[in-house]
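Reader: Could you take me through the salt bridges in this model, one pairing at a time?

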Amino acid sequence: MKTKSSVLDVAYRSGHEKGLVRFLARPFYNALQYRELIRVVLGRELHQRFRASYFGWVWAAATPLLMLLVFVAVFSNTLKVESGSDMNFALSTFIGILFFNLFAELVTRAPLLLSEHAHFIKKSIFPSEILAWTSMMRSLAYAGIGFVIFLAFELYIRGGIPPTALLFPFILLPLFLLLLGIVWLLSALGAFTRDISFMIASVMPVVIFATPVFYTSLDAPLSGRLIAYINPLAPFIEMAREVLLLGRLPDLLSYSIAWGVSIFFFYAGYAFFMRFRSVVVDVI
Amino acid sequence: MSSEWVIRCTNVAKSYQIYSVYDHRLLQMLFGRLKKFYQDFWVLRDISFEVKKGECIGIVGRNGAGKTTLLQLICGITLPTHGEIATRGRIAPVLALGSAFDQDLTGRENVMVGGAVLGLKRSKILRSMKSIQEFSGIGEFFDRPVKFYSSGMTARLAFAICAHVDADILIIDEALAVGDEAFQSKCLKFIDDFRATGTVFFVSHSVAQVVKLCTRVIWIENGRIREIGDPKEITENYQKALLREKDDAKRFHIGN
């Protein structure tokens, strides 16, 4: 049987004698190998969420749309923000909220991810590591709706989108790796104790203030800036604001650091998950 | 002959870790090398056997004897604590049929998910869809959510999927219990035909089915192989034992 071979395929096979190449290629090779399954599981989840509703995807769009309308209404009348115009503040906050919601949804769900799919994991030969991919893609689909609404608003209110917005995908790329790593880490831990899930639920409302959602790290006092440096989400929000709103290129140093941190989390999370994968079956 | 085995278990043992406190799992995960936070519950001990191509192996035993765990081990879903399991060929695990179905999805959609989980390509599933629908014989319910199915219909759909998986080893756990006679005989015929190219592992509480279908029977009791051999002889001994040794309330105990 001949299967489609790809660059990754070759990298994986030729990496046979080189441990590092193999290690680096493995998560991607693995996802590629199970792409059909990822597709089906993802389709099932997206489908399932809106199955018993009349308006389906409209609901997914309603939340960010309402949120943005409220922001614009509130911020343009009551709050006077020093830097930039009011509308900018509403849009800037909206970007923060989009990123935070994406993060919060993933992180809240991650500890329960394996027990949610226990029927697959226990009853069939199921590669549970793909659940991180499907979970992330699902959340991205919702975030994508919010993003389209954001672009439409920006176009309407400001009459244009800065050309640097084309660079946005390059900012998302390391973010995906970071999120995948975090999901792997939390889902493996969450299978062993429910405390992880409770902890995240109680910490999340605090995290939103430790993330530059309603402010930018530049405005924040020193302690705030310090928190923003530790928070791995912060640089992504700042960079997204720069390319999407301000029309500036992000600082190369912080971009590189973001990549470094993301790659670390990605491989650490994957290695951690794979180490405990076979044990997880017996505890969920 | 001895080189033709497709499944080989050597001294396989499996213990589940029983925790008195739920959160000791996390402690065990983090500090497992320093201290043991659990008690062992030995589900299987000293399991050794070889299965050759084309055999149909029946497994009998009381509840909690370790039948399902043995199947899970062979599939590679869970790992043995001791010993070694080697398999040759593709395994289709049909453990507890239908329990993996998504209640909100239709039968057709569940075929897509189930097929993908069993490792089928999308194009292959789509090609076999009509044949799966026919085999299941559930008519228009095929396009209704599974939550409106009767248990018999669920089992029919589940078996229909398995009947379309390309596999060398078919592993079936109490699959036919709820189907009616007509459907059962259809499944039995399928299993019989399957043996021409593959090997079947079959757990059932129906002695009649085991005798009819299997070439060899393994009788598991308290996690050990009590007897292994000719279906007729062993199922007879098993049934006699069931009458003699009454249901024992202290059977499920933890520790050594």
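The exchange below turns to the salt bridges of this predicted model.

Reader: How many salt bridges are there over all chains?
Author: Side chains of opposite charge can pair when their charged atoms come close. With a cut-off of 4 Å between the side-chain nitrogen and the carboxyl oxygen, the count over all chains comes to 15 salt bridges.

Reader: Is A:Glu45, which meets A:Arg138 in a salt bridge, buried or exposed?
Author: The two side chains meet at 4.0 Å, N to O, and they link distant parts of the chain, with A:Glu45 in helix 3 and A:Arg138 in helix 8 of chain A, 93 residues apart. A:Arg138 counts as buried at 11% relative accessibility. Because the relative accessible area of A:Glu45 is 3%, which falls under the 20% limit, A:Glu45 is buried.

Reader: Which residues are linked with A:Glu45 and A:Arg138 in a network of salt bridges?
Author: The network takes in both A:Glu45 and A:Arg138. The residues linked with them there are A:Glu105, A:Arg109 and A:Glu116.

Reader: How many residues apart in sequence are the parts that A:Glu129 and A:Arg277 tie together?
Author: The side chains of A:Glu129 and A:Arg277 meet in a salt bridge at 2.6 Å, N to O. A:Glu129 is buried, with a relative accessible area of 1%, whereas A:Arg277 is partly exposed at 30%. Since A:Glu129 lies in the loop between helix 7 and helix 8 of chain A and A:Arg277 in helix 13, the pair ties together parts whose separation in sequence is 148 residues.

Note on methods. Residues numbered from 1 in each chain as written. Chains lettered and ligands numbered in written order. Predicted model: local features only at pLDDT ≥ 70, side-chain atom pairs only at ≥ 80, totals over all residues. Heavy atoms only, no water. Helix = DSSP H or I, 4+ residues; strand = E, 2+ residues; numbered from the N terminus. Buried < 20%, exposed > 50% of the residue type's maximum accessible area, 1.4 Å probe, protein only.
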